[in-house]
Amino acid sequence: MIHGLGASGNIWQAQRDFLHTDFQVITIDLPGHGKTNWMKLSLIEMASDIRQILSAIATTPFSMVASSMGGLLALELYRMMPQDIMRISFVGSIPKFARGSDYPAGLDIDKIRTLSQQFDGDYASILDIFFRSLFTMKERHDDRFKRIKDMRQAEILPQREALKHFLDILEKTDLRDRLSSVICPLQFITGSEDYICPRVIMDWVSQHTYNARFDFINGAGHLPFLVETKEYNRLLEDFLLN
């Protein structure tokens, strides 16, 4: 299970608890996140490191679950070891995160650069604002959001340089051409109100993938596995076991 920008492997706690009776569940902390020290690595270098970890401790073949930016790493891992990967489940994830004139999804490039600059100021406050933006207004007023905030407050803050580097990766990476080469079963779980992964781009993804299923969680934002946990877990389990 691969987390996204600004999170850690602990973000999957509810899924780890839910899946552990049927699976060996492995979560990792990306560089500068959680308990992993910061080292400036490219997307390919991070994927290579994860490959080495999995080769050492995981039973192959295995499935991957990836949130947001973690999906880019999942696609890189598939390129490196397609014979070892059974399935990939993406949540709030697309192959390109920088919006363009021909790509109405992801984040505006100017906003990505502004966010990176803002991290040089009151880092903790800006990170909190960014995290809140990944949820809908309704989600932020739900009692479950207090539990999510408490979980974040107990976490080690990701290192500033890590987030700035990851934002640069998000701005520059375009893996759209990879989708058609993936032949293992794919799942895309998306919140219906996720402004980063709007329905129009998920329709485009569906036209460029083989053997993929698409599950939309009504009313959810970018991180539905934290808010609509039961529904997300049900959809994920159904994909992994069937």
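A residue is called buried when its relative accessible area is under 20%, exposed when that area is over 50%, and partly exposed in between. The model discussed here is a predicted one, and this vocabulary will serve throughout the tour of its interior.

Phe188 is a suitable starting point. Its relative accessibility is 2%, so Phe188 counts as buried. Its ring forms an aromatic pair with the ring of Phe214. A pair of aromatic rings is described by the distance of the centres and the angle of the planes. For Phe188 and Phe214 the centres are 5.1 Å apart and the planes differ by 10 degrees, an arrangement described as stacked. Phe188 belongs to strand β3 (residues 186-191) and Phe214 to strand β4 (residues 212-217), so the pair ties together parts that are 26 residues apart in sequence. The partner has another setting: Phe214 has a relative accessible area of 24%, and therefore counts as partly exposed.

The pair just described belongs to a wider set, for the structure has 7 aromatic pairs in total. Another of them joins Phe131 and Phe135, whose ring centres are 5.1 Å apart and whose planes stand at 65 degrees, which makes the pair edge-to-face. Both of these residues are buried. In addition, Trp12, Phe225 and Tyr232 come together in one aromatic cluster.

Phe131 and Phe135 also lead to Leu226, a residue of helix α10 (residues 224-227). Leu226 has a relative accessibility of 5% and therefore counts as buried. What does Leu226 touch, leaving aside residues up to four places away in sequence? Its contacts are Ile11, Phe131, Phe135, Arg147, Ile148 and Met151. Leu226 thus touches both members of the edge-to-face pair. With Phe135 the separation along the chain is 91 residues, while the C-alpha atoms of the two are 9.9 Å apart.

The next topic is the enclosed space within the model. A search of the whole structure finds 2 cavities of 30 Å³ or more. The largest cavity holds about 200 Å³ of space. Its lining consists of 19 residues, and those nearest its centre are Gly4, Leu5, Ser68, Phe130 and Leu134. Helix α5 (residues 123-133) gives the most to this lining, with 3 residues. By class, the lining of the largest cavity comprises 13 nonpolar, 5 polar and 1 charged residues.

The second largest cavity has a volume of about 30 Å³. Phe188, with which the tour began, is part of its lining, together with Gly71, Leu75, Phe90, Ser93, Ile94, Pro95 and Leu179. Of these lining residues, 6 are nonpolar, 2 are polar and none is charged.

Pockets, unlike cavities, are open. The volume of the largest pocket is about 450 Å³. The elements that give two or more residues to its lining are α2 (43-57) and β1 (62-67). Of the elements, β1 gives the most, with 4 residues. The lining of the largest pocket contains 19 residues, and Gln24, Ile26, Phe62, Ser63 and Met64 lie nearest the centre. How many of the lining residues are charged? The lining has 16 nonpolar and 3 polar residues, and no charged ones.

Ser68, already named in the lining of the largest cavity, deserves a second look for its backbone. Most residues other than glycine have a negative phi. The phi of Ser68, however, is near 50 degrees, a positive value. Ser68 is situated in the loop between β1 and α3 (70-80), and its relative accessible area of 13% means that Ser68 is buried. Asn211 likewise has a positive phi, near 55 degrees. This residue is part of the loop between α9 (199-207) and β4. Is Asn211 buried or exposed? Its relative accessible area is 51%, and Asn211 is therefore exposed.

The cysteines complete the picture. A disulfide is a covalent bond between the sulfur atoms of two cysteines. The structure holds 0 disulfides. For Cys184, the nearest cysteine sulfur is that of Cys197, at 19 Å. Why does this separation rule out a disulfide in the model? A disulfide requires the two sulfur atoms to lie within 2.5 Å, so a pair 19 Å apart does not qualify. Both cysteines are nevertheless buried, since Cys184 has a relative accessible area of 5% and Cys197 has a relative accessibility of 2%.

Conventions
Residues are numbered from 1 along each chain as its sequence is written. This is a predicted model: local features need pLDDT of at least 70, side-chain atom pairs count only at pLDDT 80 or more; totals for chains, interfaces and linings use all residues. Side-chain values use heavy atoms; hydrogens and water are left out. Buried means under 20% relative accessible area, exposed over 50%, partly exposed in between (1.4 Å probe, protein chains only). Contact means heavy atoms within 4.5 Å. On a 1 Å grid over the protein atoms alone, a cavity is a set of points where a 1.4 Å probe fits but cannot get out, and a pocket is an open set with protein on both sides within 12 Å along at least five of seven lines; lining residues have an atom within 4 Å of a point. Grid points are joined across faces, edges and corners, and a volume is the space filled by probe spheres set on the points. Ala, Val, Leu, Ile, Met, Phe, Trp, Tyr, Cys and Pro count as nonpolar, Asp, Glu, Lys and Arg as charged, and the others, Gly among them, as polar. Rings of Phe, Tyr and Trp (its six-membered ring) pair if their centres lie within 6.5 Å; planes under 30 degrees apart count as stacked, over 60 as edge-to-face and the rest as tilted.
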